[in-house]
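Please open the structure in your viewer and keep the selection tool at hand. The tour moves from one selection to the next, with a word on what is there each time.

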Amino acid sequence: MPHPFTPVASVPVDPRRARVHEEGWQSWSPSGAYALDAYPYRPTNDNWATVCYRPGVGVPAGAFQGEGLLALDPGDGSPVRLWAAPEPTREAPSIRLVAQDGVAEISADGPVKEYTGTGIQEVLADWAAGLGLPAPRPAPTVWCSWYEYFTQVTEDDIHENLRAMEVLDLPIDVVQIDDGYQRALGDWLTLSGRFRSRAGIADAIRARGRRAGIWTAPFLVDPSSELAERHPDWLVRSADGGLAHAGHNWDHDLNVLDTTHPDAAAYLTDVFRTLRTEGYDYFKVDFLYAGALDGVRHQDVDALQAYRSGIELIREAIGADAYLLGCGAPLLPSIGLFDAMRVSPDTAPHRRPEADDYSQPGQDPAEFTGVGRQWQHGRLWVNDPDCLMARPAVETRERWAAHVEATGGLVASSDRLLSLDQWGVETTRRLLAGGER
């Protein structure tokens with residue numbers, strides 16, 4: 001049952017100058033600062049509400065709401081106020097702000113602590129620094145197959161781009177194979193027909209002096225997969241006895257792997273140990289929101305505990321020296337688990353997102369939320385602003401490259417390298433050569 005909202009504070013504000021920072025639930029949830037008369041970005045359909053926002057949590061019209069964090073600059077010269085979860089990895093309450101007649105009323109559905117400072121990004125950065133986390137490891141530079149080939153990537157595409165990296169003299173540390181090498185979500189060790197040998201392509205990458213990286217969505221299960229067919233008891237169930245619903249994507253209604261089930265946990269451990277043994281040491285784990293969905297699990301644990309234990313299982317399987325990048329992840333509950341984290345929705349070759357929903361792919365939403373979460377970089381993890389695309393077909397490619405560079409975060413090229421013109425090659429080389437981040 002949802003908890004009721006209780007009053008937290010009343011703050012006088014200048015309605016013309018005040019700004020409110022909403023912190024979204026997960027990587028793709030819009031996050032950033034708004035004027036009091038602005039309309040914050042909200043889901044435009046029920047599926048995106050599940051896949052990209054905080055499932056089951058709504059916001060009344062006329063209210064601002066942060067998930068685990070909300071900051072207010074009153075605009076009258078008084079200090080910025082921040083309300084945050086005392087133990088964000090265990091509980092991330094929704095924090096709501098409604099402004100009327102020059103007063104902001106703040107309420108929350110769980111415990112929060114208040115902090116003050118100067119400037120929204122500054123007080124957020126101070127809060128993050130106060131957690132006392134060790135400095136994140138520098139990120140390698142990356143080439144990723146996704147934004148050129150999407151799910152149709154082939155082993156030959158990887159070989160072509162490996163050769164192009166040498167011809168173009170690009171300082172790429174990691175070659176990361178994205179979605180498309182596997183037969184189905186959940187069947188991570190079964191290849192699609194477009195790849196001949198997962199270990200073989202890792203060997204080829206390493207033979208050229210680069211590191212092998214690979215994508216998974218470890219908590220999602222395609223209902224057509226062998227895993228779903230053979231082991232329905234490994235899936236999270238809903239309260240009514242059906243299967244928990246992780247939204248619709250890849251033309252399927254998706255299921256959730258229950259990593260509290262010992263056999264499912266052993267399977268996932270075997271997947272990541274196998275990939276590590278084959279030579280992969282850079283792992284992008286995606287669509288992680290699914291691991292934190294409410295549901296009936298084998299063990300009677302809350303969803304955030306199940307999520308964190310699932311990520312810890314992956315980390316143990318790949319080893320402390322492997323690099324772990326999260327994406328589509330519930331952000332505050334992920335603190336302390338990752339080397340790098342996607343902090344925005346997907347970018348795209350175009351600027352505007354579908355249906356003007358700022359959780360959806362597009363350069364505008366990726367920039368908005370990436371800027372709004374700049375305070376996390378170097379304090380919680382290395383920020384991943386999403387991939388550089390520098391090919392001529394990319395709309396406003398100069399502006400997007402400038403955003404990626406300005407974040408100081410992870411730099412990953414995601415073009416077919418031979419499609420780059422002179423500007424694209426020079427820009428890609430320059431951003432990759434910017435040093436470890």
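**A helix and its neighbours**

Begin by selecting α10 together with α9 (363-372) and α11 (422-432), for it is against these two helices that the buried residues of α10 pack. Keep in mind throughout that this is a predicted model.

Now narrow the selection to α10 itself, residues 397-407, and colour its buried residues, which are Arg397, Trp400, Ala401, His403, Val404 and Thr407. If you look down the axis of α10, these buried residues fall within an arc of 155 degrees, so they line one face of the helix. It helps to recall that an α-helix has 3.6 residues a turn, so residues three or four places apart point the same way. Step just past the end of α10 and select Gly408, which takes a positive phi of about 70 degrees.

Next, show α9 beside α10: the two pack at an angle of about 20 degrees, and their axes lie 11 Å apart. Because angles under 35 degrees count as roughly parallel, α9 is described as roughly parallel to α10. The crossing in which α9 passes α10 is left-handed.

Which residues meet here, in α9 and in α10? Select Gln363, Asp364, Ala366, Glu367, Gly370 and Val371 in α9, and you will find that they meet Arg399, Trp400 and His403 in α10. The residues of this contact divide into three nonpolar, three polar and three charged.

For the last stop, go to Ser192, in the loop between β13 (187-191) and α5 (198-207). Ser192 is buried, with a relative accessible area of 8%, and, leaving aside its neighbours within four places in sequence, Ser192 is in contact with Gly180, Tyr181, Gln182 and Arg183.

How values were computed. Residues numbered from 1 in each chain as written. Predicted model: local features only at pLDDT ≥ 70, side-chain atom pairs only at ≥ 80, totals over all residues. Heavy atoms only, no water. Helix = DSSP H or I, 4+ residues; strand = E, 2+ residues; numbered from the N terminus. Buried < 20%, exposed > 50% of the residue type's maximum accessible area, 1.4 Å probe, protein only. Contact = heavy atoms within 4.5 Å. Arc of directions from axis to C-beta. Axes fitted to C-alpha atoms, helices over the stretch in contact; angles between N-to-C directions. Parallel < 35°, antiparallel > 145°, perpendicular 65-115°, else oblique. Left-handed = near helix turned anticlockwise from the far one by under 90°. Nonpolar A, V, L, I, M, F, W, Y, C, P; charged D, E, K, R; others polar.
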